[in-house]
Amino acid sequence: MNKDYLFTSESVTEGHPDKVADCISDAILDQILSQDSNSRVACETMITGSKTGHDLKVFISGEITSNANIDYELIVKKTLIDIGYDENCDVETLIKPQSKHIAQGVDSSLDHEQGAGDQGLMFGYACSETEELMPLPITISQRLTERLTFVRKNGTLPWLKPDGKSQVTVKYNSLNQPISIDKVVIATQHDDLLNEFETEQKENFFIKNEVAKNVIVPILTDYGFSFDESNFIVNGTGRFVEGGPAADVGLTGRKIIVDTYGGFARHGGGAFSGKDPSKVDRSAAYMARYIAKNIVGAELATRCEIQLSYCIGVAEPTSVYADTFGTGKITDDEIVDLIRNVFDLKPQDIINNLNLKKPIYRKLAAYGHFGRKDYTWENLDKVDILKDRIQ
């Protein structure tokens, strides 16, 4: 591009119906892995309001092969309470084991190393825009929804309810560098405050001011970019009282762009939540982020996108691709050679090197899988090796 442009990303809170479904699926996965780390799990959740609208209806389905003893209803209710919803719900399960034909390609044996759990393509991305080496629009969007939940749970804004969204538009210059925050949109569920404020306009004015002061301004200030408070939009329809799964159906895996890079990088299409790490939809996407972040961290490029692809039952990836968008200190082909020499890309190696059989996934189900410290795929422990290899 040769002129300034705008780019927008969004996030949702853990109380958004689709994220509730993701949280439940990953809470089930964690409980299974804590009892049997070799389990095969593909757990899908659908959640909606009941016919009366007061209680919730939760459907748990999928392919699960495990020695774990799981109380699905208890996990669902604990997750709902943790998010901030009532535990009153009806839980229905339909679980079957993983196909034996898939298992024979995925399970390792004396004459067969562990293959990928499915075919597919996965992308990872990193850039130098933020300390997290993530695109700025999705990073701020995630922090805004995270803070909405924080100020609700700590009592700062006790009239907030769990469902909510953020959307951030960033202005970039012709060098693809972020220069300002152009627009911030917040949609947040709230208590009915009309008894206190008499009109919807007065209610919305109060909510907008409180959200701006306690949520938007603190986050934008942390990132140090200029912004104009007149460009904040809070609850654009005027009110947001009815929300959550009682008002809208939630499904596992419907927020894959929110989970990753906010549309700034490509996506292979596979969701993460509810899947054990033998599913390369999840584990190889984490590996691709790990590779891209270390390449940018080693200052071999300021932007890097990695694609990996796999065939079901086969250990070696079918392809490895790198794109540094013209920012690389070496060619993209040389970067691919580095990747193949430095990183182990077989599913079993990815699982072992990133330590993915631990019950770590419930906390990842909301506010993004990338750009968050304390996860192995965010480590920069290959930077020195990458630098040494090109000297």
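In this predicted model, helix 2 (residues 72-83) lies across strand 2, strand 3 and strand 4. Helix 2 runs at about 130 degrees to strand 4. Helix 1 (residues 17-35) lies across strand 2, strand 3 and strand 9. The angle between helix 1 and strand 2 is about 145 degrees.

The strands beneath these helices belong to an open sheet of four strands, ordered 4-3-2-9. Pairing in this sheet is mixed. Strand 4 (89-96) and strand 9 (250-251) form the edges, and each pairs on one side only. Strand 2 (residues 40-49) and strand 3 (residues 56-65) are joined by 10 bridges in the antiparallel sense. Within this pairing, Thr-48 stands opposite Lys-57 of strand 3.

Strand 3 also holds Glu-63. This residue is partly exposed, with a relative accessible area of 30%. Beyond its neighbours within four places in sequence, Glu-63 is in contact with Arg-40, Val-41 and Ala-42. Contacts of Glu-63 also include Lys-96, Pro-97 and Gln-98. Phe-227 lies 164 residues from Glu-63 along the chain. The C-alpha atoms of Glu-63 and Phe-227 are separated by 47 Å.

A second open sheet has three strands in the order 5-10-11, with antiparallel pairing. Strand 5 and strand 11 are its edge strands, each pairing on one side only. From one strand to the next, the twist averages 15 degrees. Eight bridges join strand 5 (120-127) to strand 10 (303-310), and the two run antiparallel. Phe-123 stands opposite Gln-307 of strand 10. Cys-127 has Arg-303 as its bridge partner in strand 10. On the other pairing, five bridges join strand 10 to strand 11, again antiparallel. There, Glu-305 stands opposite Asp-323 of strand 11.

Strand 10 is buried at eight of its eight residues, so it is largely enclosed by the rest of the structure. Arg-303, Glu-305, Gln-307 and Ser-309 point one way from the strand. Cys-304, Ile-306, Leu-308 and Tyr-310 point the other way. Both sets are buried, and buried here means under 20% relative accessible area.

Two helices lie across this sheet. Helix 8 (280-297) lies across strand 5 and strand 10, at about 30 degrees to strand 5. Helix 9 (residues 332-342) lies across strand 10 and strand 11. The angle between helix 9 and strand 11 is about 135 degrees.

Helix 9 has two contrasting sides. Ile-335, Val-336, Leu-338, Ile-339 and Val-342 are buried. Seen down the helix axis, the buried residues of helix 9 fall within an arc of 160 degrees, so they line one face of the helix. An α-helix has 3.6 residues a turn, so residues three or four places apart point the same way. Asp-333 and Asn-341 are exposed on the other side of helix 9. The buried residues of helix 9 pack against helix 8, strand 10 and strand 11 (319-323). They also pack against helix 11 (383-389).

A further set of pairings involves strand 6, strand 7 and strand 8. Strand 6 (residues 160-172) and strand 7 (residues 178-190) pair in the antiparallel sense over 10 bridges. Lys-165 stands opposite Ala-187 of strand 7. The hairpin of strand 6 and strand 7 has five residues between the strands. In this hairpin, Asn-176 takes a positive phi near 65 degrees. Strand 7 also pairs with strand 8 (residues 232-234), here in the parallel sense over three bridges. Ile-186 stands opposite Val-234 of strand 8.

A cavity search of the whole structure finds three cavities of 30 Å³ or more. The largest has a volume of about 90 Å³. Its lining comprises 14 residues. Met-122, Phe-123, His-267, Gly-268 and Ala-285 lie nearest the centre of the largest cavity. Strand 5 and helix 8 each supply at least two residues of this lining. Strand 5 gives the most, with three residues. Phe-123 thus appears in two settings: it stands opposite Gln-307 in the sheet, and it is one of the lining residues nearest the cavity centre.

Definitions and conventions. Residues numbered from 1 in each chain as written. Predicted model: local features only at pLDDT ≥ 70, side-chain atom pairs only at ≥ 80, totals over all residues. Heavy atoms only, no water. Buried < 20%, exposed > 50% of the residue type's maximum accessible area, 1.4 Å probe, protein only. Arc of directions from axis to C-beta. Contact = heavy atoms within 4.5 Å. Pairing = 2+ DSSP bridges. Axes fitted to C-alpha atoms, helices over the stretch in contact; angles between N-to-C directions. 1 Å grid on protein atoms, 1.4 Å probe; cavity = no way out; pocket = protein on both sides within 12 Å on 5 of 7 lines; lining within 4 Å. Points joined across faces, edges and corners; volume = space filled by probe spheres on them.
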